[in-house]
Amino acid sequence: MRDVSYYELSHHVRQALISATLGDTIEYDQLVGIIHHNVRLDPEEVAMLVTVLRALSGAVSCIDILHHRSLLSSICGMRLWNYGPDVMDALVELVVTLAGSNGKYVDLCLDMLVSNFIPPHNFLEILKQPRGLAKKDQVLMRVHSALKGIADVVPLAPSRLEQIVRERVPRVYDKEAQTVVYVENMLMLESGDMGEFVGNSMIFELMNRLRDLDVEIVWDEVLYDDPNSKGVFVMELEDLARPVDETEMDMDEPQKEYSGQKVLWGNVVAQKLDTLMDLTFDHLQFCFKSGRLLEVFEALLQSFQSTVLDTDKSKFAQFVMFFACSLDPEDCGTQFVSRLLEIFGSTVCSQDRRMSAVFYLASYLSRAKFLSTSYVTIILQSLVDWCYKYGKNQSGQISQTHHRVYYAGCQAVMYVLCFRMRSILATPELKTQLLNMPLEEIFKHGLNPLEVCLPSIVEEFLCQAKAAQLFTVSNDVFGSEMSRAFGGFRRLDVFFPFDPYLLKKSDRFIRPNFIYWSMVRTTYDDEDGDEDEDGDEDEDEDEDGDEDEKFGNKTDRKMQMPSRIRPFTSPESL
């Protein structure tokens with residue numbers, strides 16, 4: 001067979017396309033066959049395919065969406081992953097040229113490129129190998145370059161791209177490798193040249209996917225704080241002291257990685273969420289280092305409000321906000337707190353939404369190690385002022401319908417003080433501010449918040465308040481059942497949004513910034529210390545150093561702070 005010049009082949013391709021519109025499809029069918037054949041191509045076949053693709057790029061004006069359906073289908077069905085660099089470059093050139101030639105082809109071309117976010121199944125197993133990573137880089141570099149090329153010539157392309165990306169997001173139970181590489185591409189869009197146009201929508205879709213995975217994780221039970229159970233207080237310290245079964249561990253990981261913290265084992269959805277959370281945290285860290293975090297945080301905050309805030313079963317997705325705030329407490333953290341305070345004090349938002357906001361706020365103020373005591377005191381003052389003002393305008397008794405937000409606010413105040421009271425009292429100026437807060441007026445009000453709020457929080461708060469001589473209340477003022485009569489879906493006895501993080505891989509981002517109850521020193525710790533010195537109890541010193549010295553080790557505490565829900569010890573694979 002004689003060599004065919006590019007000019008001759010280009011002319012031949014044009015004639016084949018034109019003949020097909022007139023009913024003569026012989027040469028057209030041969031053309032489609034060349035493109036459709038992609039198995040074990042020899043060098044001559046590769047060269048022919050490259051030439052045909054480039055010839056088609058010069059003949060896009062001859063392509064008709066009605067007469068050349070099979071050709072368009074073959075082009076859109078090509079996977080960059082199956083070819084070498086020359087074919088990939090020629091194919092990308094054709095797709096960009098085709099999209100720019102006629103608006104009818106934009107969606108086809110965008111969809112073809114987005115379909116290449118995920119490799120064929122035979123590539124999934126080698127993605128972590130050097131050759132797999134090299135191939136992924138080659139493909140995705142060209143995919144995103146092509147998307148930008150189309151956006152440059154078709155102004156409406158980014159809006160269509162957003163829709164296509166949303167439609168092609170892997171489902172909850174798709175393979176982890178597929179989901180991870182797809183999310184990687186979403187984050188590449190967010191941080192790349194297309195970020196200006198589609199960045200916010202990628203953040204929203206990412207939070208949607210994290211939320212969807214989160215609510216699929218099944219918990220063994222919700223523990224109620226009543227006299228017949230150990231109560232939710234005991235669980236966090238139980239998890240801390242729980243010995244790790246070697247059968248639960250990945251044997252290539254050091255044991256100390258897991259000892260002292262319960263994690264979710266064997267749950268495939270949890271493992272997938274863990275990987276995506278790790279990927280998300282890493283991306284936020286990259287945004288922080290590149291000076292883009294504040295820009296990204298605006299979209300995160302909006303997506304949190306619309307996606308996570310009102311989700312009752314969310315356990316981990318909210319930690320995206322926690323980590324972002326830990327990177328930039330002054331700007332991102334302040335925005336987060338301000339928005340939660342705004343929602344809590346709103347007269348327009350629903351009661352459930354307002355309760356959710358104040359629980360998030362209390363949990364954040366209590367658990368965030370990166371917040372200064374002075375800042376926590378300022379926000380605490382705002383909560384106290386709201387509760388005091390509300391109580392002054394109310395006279396009457398407990399109401400199951402009218403005062404749910406008030407009780408949530410009171411519980412939030414107590415929860416924060418359980419974690420922060422001693423550190424506040426340690427600073428003279430802040431101590432004066434705390435002593436001047438109308439806490440006694442709030443908690444001895446006729447609406448009886450101590451009777452309604454979670455008994456274990458009330459008990460811990462009263463013990464610390466008594467030791468600090470803030471005020472005293474008899475121990476029989478609160479009941480065990482009343483708190484479950486309030487709050488609807490957000491009952492006062494089960495909702496602590498920033499409970500200890502149980503995903504083992506991504507925990508490395510949260511742990512350094514997180515206050516565990518075992519680290520907290522209460523106002524009555526000195527009394528416990530005296531007992532230890534007298535030999536009545538054995539002192540269990542944590543040798544890890546500065547942080548435990550600052551907050552204290554409390555595994556032998558009588559009062560133990562709440563952990564919202566108890567996970568499976570060994571969850572069944574979903």
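These exercises walk through a predicted model, each with a worked solution.

Residues are numbered from 1 along each chain as its sequence is written. In this predicted model, local features need pLDDT of at least 70, side-chain atom pairs count only at pLDDT 80 or more, and totals for chains, interfaces and linings use all residues, while side-chain values use heavy atoms and leave out hydrogens and water.

**Exercise 1. The whole chain**

Describe the chain by its helices and strands, its burial and its contacts.

Solution. Start with the helices and strands, which are DSSP runs numbered from the N terminus (helices H or I, at least four residues; strands E, at least two). The chain has 26 helices and 0 strands. Next, take burial. Buried means under 20% relative accessible area, exposed over 50%, and partly exposed in between (1.4 Å probe, protein chains only). Of the 574 residues, 54% count as buried. Last, take contacts, meaning heavy atoms within 4.5 Å. Among contacts in the chain with a separation of 6 or more, 80% join residues 24 or more positions apart.

**Exercise 2. Confidence**

State the mean pLDDT of the chain, then find stretches where the pLDDT is below 50.

Solution. pLDDT is the predictor's confidence in each residue, from 0 to 100. The chain's mean is 83, and 77% of its residues reach 70 or more. Over residues 221–233 the value is below 50; this stretch has 39 contacts in the model beyond near neighbours in sequence. Residues 564–574 are also below 50, with 51 contacts counted beyond near neighbours in sequence.

**Exercise 3. Helices α3 and α5**

Work out how α3 and α5 are oriented, and which residues make their contact.

Solution. Axes are lines fitted to C-alpha atoms, for helices over the stretch in contact, and angles run from 0 to 180 degrees between N-to-C directions. The axes of α3 (residues 43–57) and α5 (residues 85–101) come within 8 Å and cross at roughly 15 degrees. Therefore α3 is roughly parallel to α5. The cut-offs are under 35 degrees for roughly parallel, over 145 for roughly antiparallel, 65 to 115 for roughly perpendicular, and oblique for the rest. The crossing is left-handed: the near helix is turned anticlockwise from the far one by less than a right angle (clockwise would be right-handed). From α3, the contact includes V46, L49, V50 and L53. From α5, it includes V87, A90, L91 and L94. By class, the contact has 9 nonpolar, 2 polar and 3 charged residues. Here Ala, Val, Leu, Ile, Met, Phe, Trp, Tyr, Cys and Pro count as nonpolar, Asp, Glu, Lys and Arg as charged, and the others, Gly among them, as polar.

**Exercise 4. Helices α19 and α20**

Repeat the analysis for α19 and α20.

Solution. The axes of α19 (residues 404–425) and α20 (residues 428–435) come within 7 Å and cross at roughly 125 degrees. So α19 is oblique to α20. L417, M421, I424 and L425 of α19 meet L430, K431 and L434 of α20. That gives 6 nonpolar residues, no polar ones and 1 charged.

**Exercise 5. Three single residues**

Place V215, N448 and Q469, and classify each by accessibility.

Solution. V215 lies in helix α11 (residues 195–216). Its relative accessible area is 27%, so V215 is partly exposed. V215 and T311 are 96 residues apart in sequence, but 8.4 Å apart C-alpha to C-alpha. Not counting residues up to four places away in sequence, V215 touches T311, K313, S314 and K315.

N448 sits in the loop between α21 (439–443) and α22 (449–452). N448 is not a glycine, yet its phi is positive, about 55 degrees. At 32% relative accessibility, N448 is partly exposed.

Q469 sits in the loop between α23 (455–467) and α24 (507–510). Its phi is also positive, near 60 degrees. At 71% relative accessibility, Q469 is exposed.
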